[in-house]
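Student: I have a protein model open on my screen, and I would like to take a close look at a single part of it. Could you walk me through that part slowly and then show me how it fits with the rest?

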Amino acid sequence: MVSRSLRRLCGAAAAAVLLGAFTVAAPARAHSTDDPVRKLTKDVTLSGLLRHLVAFQGIAAVSGGNRASGMPGYDRSADYVAALAGHAGYKVTRQPFSFTFCEDTGSSFAQLAPTPTTYVAGTDYDVLDCSGGGSASGAVVPVDVNLTPPRASTSGCEPGDFGPEVAGKIAIMQRGAAPGTSCGFGLKVRNAQAAGAIGAIIFNQGNGTPEANPDRFGLFTGTLGVPVGIPAVSISYDLGAALVAAALAGTLNVRISVDATSEVRETVNVFAESRWGDPDEVVMVGAHLDSEPDTAGINDNGTGSAGILEVALRMAKFKTKNKVRFAWWGAEESNLAGSTFYVANLPQAERDRVALYLNFDMIGSPNYTFGVYDGDDSAAAGSPAGPPGSAQIEDVFEAFFASRGEPTAASDFTGRSDYGPFIAAGVGIPAGGLFTGAELSKTAAEVALWGGVAGAPYDPCYHAPCDSLTPERNGADAELYRQLRREYRLFGNVNLFAFDTNADAVATAVATFAYDTSTIPLRAAAARTAASPAQDRDGAWLG
């Protein structure tokens, strides 16, 4: 619950901004400077950034506690961004589109036998987005699982994986796909449903090692893409292996219950394009504006949205060489629906004018790392390098952090955020950006670099109601946040140092490419088909 004083502050802030009461200069004459990068970076201030977070919290407070696409809080957030960008002199447009809105409003998962156990949502299991509603109880049948290292898995990817014994029972499947192929969670669950399963469990793959590949062992979130007719949950590798053993022994019975809503709704992407610059050389800068339906989404992705908004407002007076197009994506939390719709409907001639895309999703995680998208695949892990030009984008960010004396981490191009449609096969637009971490846990080695709490998530409130300006009042672990505050300055669920530093990095990269894209290789038609994001190969997404 938001306190009365904070509610008044947030409500007043949102109203004031929408009425233009915050200090936003009237559209200025073209401004040039000998050092636009330094000028813009200096102009982007922490106080300017925080006013947008306060406004987003205020919008959520009067909109049922969220800013999710297809709901009033998102519409108000879009109005807020459009009003400020338009007042600053940008050409503002909105792109409407339809998407599948999925929400689970309650769930339970329990082992009935041989060891009665009630599992905890968000700790032991997660409801897969677009799960079917209802309750399923019964025996569990493993489907083509592989618990032998290196645990290559195509479990549930083919209808032939399911025998007649699945009918009327709950299918347990393993995350994974054949190399070079895509096998989303939705495909696995739809195959299970077609085989007669009454419920589905997908456990993490367990490939690699827990230390090097924690995202393949722990609890994970994911989307089914489109609604299914049976309840479906995800669990960790360890819990999955234990349940498989019990199922093979013929003793396992579980119950899955989900209260779910799935329906088609309307929403918009918001664009703000600079008045100046070469229209044949467009620098795109994006962040998703929507939250999950149960949260204000202050870090995910209020920070990214606020970061690019403040950069846009401060940059409005700069007469750039290249056209700059800022994008606030809708329905990212619904399988990247907004950015996917935009790229799919962008004519080839317009795609060719986009020189590069910069993406900012979660840039103020409380237990942060400074993640930079790995454009050249220097980490040699996970997905391949981005399209040609991605390495040069990464270089700009790396140079910025080096100038600040800050180490960085290579963030893999998993396809879990809005850069995915841009770098996809057949598109091949180079991309880069920043990411401070989500649900995975910070390692001791990372603590040595950036401080923080080892073993705790980068964002303990990821996709949770506590992703707000009052995390403890919305269910956050009070002791963990006391530990984080002993290490860092936090503003609600946002690390102020990480947010401020990353916003300067955003300004640096945007200004750099707004004036000079000469380091980005020209794209030929053949180059556009060369790169393909993994999209996590099995349907996970960041949000």
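Student: Let me start with one spot on the chain: which residue takes a positive phi just after α4?

Tutor: Happy to help! The residue is G89, which takes a positive phi of about 110 degrees just after α4. Please keep in mind that this is a predicted model.

Let us look at the helix itself. Helix α4 covers residues 72-87, which makes 16 residues. You can check its length with a little arithmetic: at 1.5 Å a residue it should span 22 Å, and its end C-alpha atoms are 22 Å apart, so the expected span and the model agree. Now colour the helix by burial. The buried residues of α4 are G73, Y74, S77, A78, Y80, V81, A82, L84 and A85. D79 is not on that list; with a relative accessible area of 35%, D79 counts as partly exposed, because that value falls between the 20% limit for buried and the 50% limit for exposed.

D79 is a good place to leave the helix, since this residue forms a salt bridge with R94. The closest N and O atoms of the two are 2.9 Å apart. In general, side chains of opposite charge can pair when their charged atoms come close. Follow the chain to find the partner: D79 sits in helix α4, while R94 belongs to strand β1 (residues 91-113), and the two are 15 residues apart. R94 is partly exposed as well, with a relative accessible area of 42%.

How does that pair fit into the rest of the protein? The count of salt bridges comes to 15, and another one joins R404 and D504, whose side chains meet at 3.0 Å, N to O. Here the partners are 100 residues apart: R404 is in the loop between α10 (390-403) and β13 (409-411), and D504 is in helix α14 (residues 496-515). Their surroundings are worth comparing on your screen. R404 counts as partly exposed at 38% relative accessibility, whereas D504 counts as buried at 9%.

A further salt bridge ties R416 to E439, with 3.2 Å between the closest N and O atoms. Both residues are in loops: R416 lies between β13 and α11 (420-423), E439 lies between β14 (431-435) and α12, and 23 residues separate them. R416 counts as buried, at 14% relative accessibility. Salt bridges that share partners also join K39, D43 and K317 into one network.

Loops deserve a visit too, and the one between α12 (444-450) and α13 (478-487) contains G451. G451 is buried, with a relative accessible area of 18%. Setting aside neighbours within four places in sequence, G451 is in contact with K442, E446, E487 and Y488. From G451 to D104 you would go 347 residues along the sequence and 35 Å through space, C-alpha to C-alpha.

S468 lies in the loop between α12 and α13. At 2% relative accessibility, S468 counts as buried. Its side chain makes a polar contact with the side chain of N474, at 3.3 Å. Leaving aside neighbours within four places, the residues in contact with S468 are Q57, I298, N474, G492 and N493.

Now zoom out. The protein has 14 helices and 16 strands. Its radius of gyration is 23 Å, close to the 24 Å that the globule rule gives for 543 residues, so the protein is as compact as a globular protein of that length. The C-alpha trace spans about 75 × 60 × 45 Å along its principal axes. Of the 543 residues, 57% count as buried. Among contacts with a separation of 6 or more, 80% come from residues 24 or more positions apart.

Finally, a word on confidence. The average pLDDT is 91, and 90% of the residues score at least 70. Over residues 1-30, however, the pLDDT is below 50, and this stretch has 50 contacts in the model beyond near neighbours in sequence. The pLDDT also stays under 50 over residues 526-543, for which the model has 84 contacts beyond four places in sequence. Where pLDDT is low, the predicted coordinates should not be read in detail.

Key
Residues are numbered from 1 along each chain as its sequence is written. Side-chain values use heavy atoms; hydrogens and water are left out. Helices (H or I, at least four residues) and strands (E, at least two) are DSSP runs, numbered from the N terminus. The expected span of a helix is 1.5 Å times one less than its number of residues. Buried means under 20% relative accessible area, exposed over 50%, partly exposed in between (1.4 Å probe, protein chains only). pLDDT is the predictor's confidence in each residue, from 0 to 100. Contact means heavy atoms within 4.5 Å. A salt bridge is a side-chain nitrogen of Lys or Arg within 4 Å of a carboxyl oxygen of Asp or Glu. A polar contact is a pair of N or O atoms within 3.5 Å; within protein, one must be able to donate a hydrogen and the other to accept it, and residues adjacent in sequence count only if both atoms are side-chain atoms. The radius of gyration is taken over C-alpha atoms; the globule rule is 2.2 Å times the number of residues to the power 0.38.
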